[in-house]
Amino acid sequence: MAYADSLEPSRQLAEEAALLIRAATPEKPFVIGLATGSSPVPFYRELIRLHREEGLSFRHVVSFNLDEYHGLRRDHPESYHRFMHDQLFDHVDMVPGNIHIPDGTIRTEDVYEFCQEYERKIDAFGGIDLQILGIGRTGHIGFNEPGSALDSPTRMIALDRLTRRDAAADFLGESNVPRFAITMGVGTIMKARRVVLLAWGENKAEILAAAVEGQVTDTISASFLQLHGDATFIVDETAASCLTRNRCPWLVGPVHWSSGMMRKAVVWLARKIGKPVLKLVDEDYNENGMADVLAEHGGAYDVNIGVFNQLQHTITGWPGGKPGADDSHRPERALPLRKRVVVFSPEPQDAVVAMGGTLERLVEQGHEVTLICQTSGNLRVADMEARKFATILEDIASGSQPWPEQQSYARTIQGLLDEKGEFGVDPSPVRHLKGLILRGEARDAAEACGLAEGAIRFLDLPFYESGRYRRFHLRAEDIEATATVLAELRPHQIFATGDVAEPTSLQALCFRALREAWAREGNGEWAGHCRVWVYRGKERPLADHEIDMAVPLSPIQLERKLNAIRKFQSIRQDEWEAATLNQKNAANYDSLGMAEYEAIESFQRWPSAAPK
Ligand code: GLP
């Protein structure tokens, strides 16, 4: 089932669970299998609300969590033990003895026995009534990485590289992510009477389609759920976007052949059979389930030209509009000649990575560009960077004429770093310093993209400063700060990201702040003339048919962009990854029969004037 957002379906699921919870008794408790990660968070928030506002009691609930990292202390901020207490258990009246979470602290040699015992306990409670799941990008459920068998039991498992990379931000670096975890097996999950898998946002789209529509295979453990008698996938529209009915709706029933649908279908066809658009012939359409588009629009020749032109019109070296040109088929308007352009970057590096070349062009072409770093990004900066700064400062401050205040600041930072240890939570002075380090790098990167000194601003949105990844809550002050900047800058053009991101992610919250700020400020005269362009992160770049503006980069422009990305030294930004994505865009356009460029940055036009 696909929903517009994560809130309504999470509410419905909580209602379903509440019915079962209310029916539970001491003799027949309700046994729920719980998952961590962002996906179940809205569900947990709704359960907490039901407890607080509607008196739902959890006294007869028994829970079994899916998994836990091996080697983490229980109070480690990223342990699933801690996560579950923060997100649910501390806010409801669960009986502590009824909570079961695999113990990540037990010695390796005791793991086998522990896992057996975990299975025995589940059986002793009569099995799991309702199992909640998320899905990782390897297709894992729990931590059942590729290779997990259908009948696998609770056990220790080595984490996949992709899983560790996805957790890298939470752990402030991939090398800090544990290598092993204890997880319920696929077999344990399959024994649950009912299974519900939750998935939200663009990052899940591809793996979800493979799990639901692909072959049942142990390389994607979620695909085994196809064999379960009562499994439901509850997803939002963006997570559902790669399912055949959304990716190729013409294959599952009649469609309205709008120009957007034609573009999507023809690009799909060209890609599928490996031909450029203008070389497609009637047979290609007929043999691939697209005969009706020919019937409606004449032969392949006309359809091809129509789509070719659409694609051609997305390409522009003038992202802010081309002065004096007929703009009826261009992505941006020619007027006003000098636009006020606001580029929003959730963390300081995001915009430079996704659109450094476009930023440079906008500046070069005379627009008034302001780069707004929405959050400080300080959670990404490694301890080592803060320590390096503190050490240098201490050395300077301890010279022949000591600077006592600076000395004491440097020592405080060093002391706080020692105290919190490798995995501890950064106290606010450390976060502040890390934010300043990233600020400096962001300024350098902006300068490398041609931006003048005053053209970069730091909003340091409060939700970020007081949170951790996956646990952020947007607040009124965040919207207020965003609204203030919009009202002041009155942009003609906005670039932003996060519109289809997982709803609790940093990018999604930054976009929500923008959307809500717009709702407040959007009746200003400027808003009627403002165009919003969205860019995407590396996890799910825009598909060719989704691109409304393609900004080509020459080899030299790409090199300059990489140089700008390299300024983000403290967060070790992988500039080659960005280059590869941009080059892939260009290669895709080339294979569709468009001009061959070195690299392309891509944008989608926000459907209406106002971001909603
Ligand atoms: C981790 C957990 C999984 C979870 C997955 C996805 O790997 N072990 O149980 O489903 O993350 O997390 P998220 O919902 O944050 O995308």
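In this predicted model, one open sheet is built from 7 strands in the order 1-10-9-6-2-3-5, and its pairing is parallel. At its edges stand strand 1 (2-3) and strand 5 (99-100), each of which pairs on one side only. Within this sheet, strand 2 (residues 30-34) and strand 3 (residues 61-65) are joined in the parallel sense by 5 bridges. One point of reference along that pairing is I32, whose bridge partner in strand 3 is S63. Strand 3 also has a helix lying across it: helix 4 (residues 108-124) lies across strand 3 and strand 5, and its direction makes an angle of about 150° with strand 3.

The chain as a whole is divided into domain 1 (2-244), domain 2 (250-310) and domain 3, the last of these consisting of 340-381 + 429-606. The paragraphs that follow turn to the later parts of the chain.

A further open sheet of 7 strands has the order 13-12-11-14-15-17-16, and here the pairing is mixed. Strand 13 (456-458) and strand 16 (549-553) form the edges; each has a single partner strand, so one side of each is left without a neighbour in the sheet. On average, neighbouring strands of this sheet are turned by 25° against each other, direction ignored. At one of the edges, strand 13 runs parallel to strand 12 (residues 368-373), and 3 bridges join the two. I372 has R457 of strand 13 as its bridge partner.

At the other edge, two helices lie across strands of the sheet. Helix 20 (residues 555-566) lies across strand 16 and strand 17 (599-605), at about 95° to strand 16. Helix 21 (residues 575-591) likewise lies across strand 16 and strand 17, and runs at about 85° to strand 17.

How do domain 2 and domain 3 meet, and what is the area buried between them? The size of an interface is often given as the accessible area lost when the parts come together. Between domain 2 and domain 3 this buried area is about 810 Å², with carbon and sulfur atoms giving 54% of it. On the side of domain 2, R263, R271 and F308 supply 57% of the area buried against domain 3, more than any other three residues. The contact involves 9 residues of domain 2 and 9 residues of domain 3, while the centres of the two domains, taken over C-alpha atoms, are separated by 34 Å.

Polar interactions also cross this interface. The count is 6 residue pairs in polar contact between domain 2 and domain 3, with both residues at pLDDT 80 or more. There are 2 salt bridges across the interface. R271 forms a salt bridge with D544, and the closest N and O atoms of this pair are 2.1 Å apart. Helix 9 (residues 259-273) gives the most to the side of domain 2 that touches domain 3, contributing 5 residues.

Two details of the backbone complete the account. Most residues other than glycine have a negative phi, and most peptide bonds are trans. The peptide bond from L335 to P336 is cis, with omega near -5°; P336 lies in the loop between helix 12 (300-312) and strand 11 (340-345). D460, although not a glycine, has a positive phi of about 45°. The place of this residue, D460, is in the loop that runs between strand 13 and helix 17 (462-465).

Technical notes:
Residues are numbered from 1 along each chain as its sequence is written. This is a predicted model: local features need pLDDT of at least 70, side-chain atom pairs count only at pLDDT 80 or more; totals for chains, interfaces and linings use all residues. Side-chain values use heavy atoms; hydrogens and water are left out. Two strands pair if DSSP finds at least two bridges between them. Helices (H or I, at least four residues) and strands (E, at least two) are DSSP runs, numbered from the N terminus. Axes are lines fitted to C-alpha atoms, for helices over the stretch in contact, and angles run from 0 to 180 degrees between N-to-C directions. Contact means heavy atoms within 4.5 Å. Domain bounds come from an automatic or database domain assignment. Buried area is the accessible area (1.4 Å probe) that two parts lose on being put together, summed over both. A salt bridge is a side-chain nitrogen of Lys or Arg within 4 Å of a carboxyl oxygen of Asp or Glu. A polar contact is a pair of N or O atoms within 3.5 Å; within protein, one must be able to donate a hydrogen and the other to accept it, and residues adjacent in sequence count only if both atoms are side-chain atoms.
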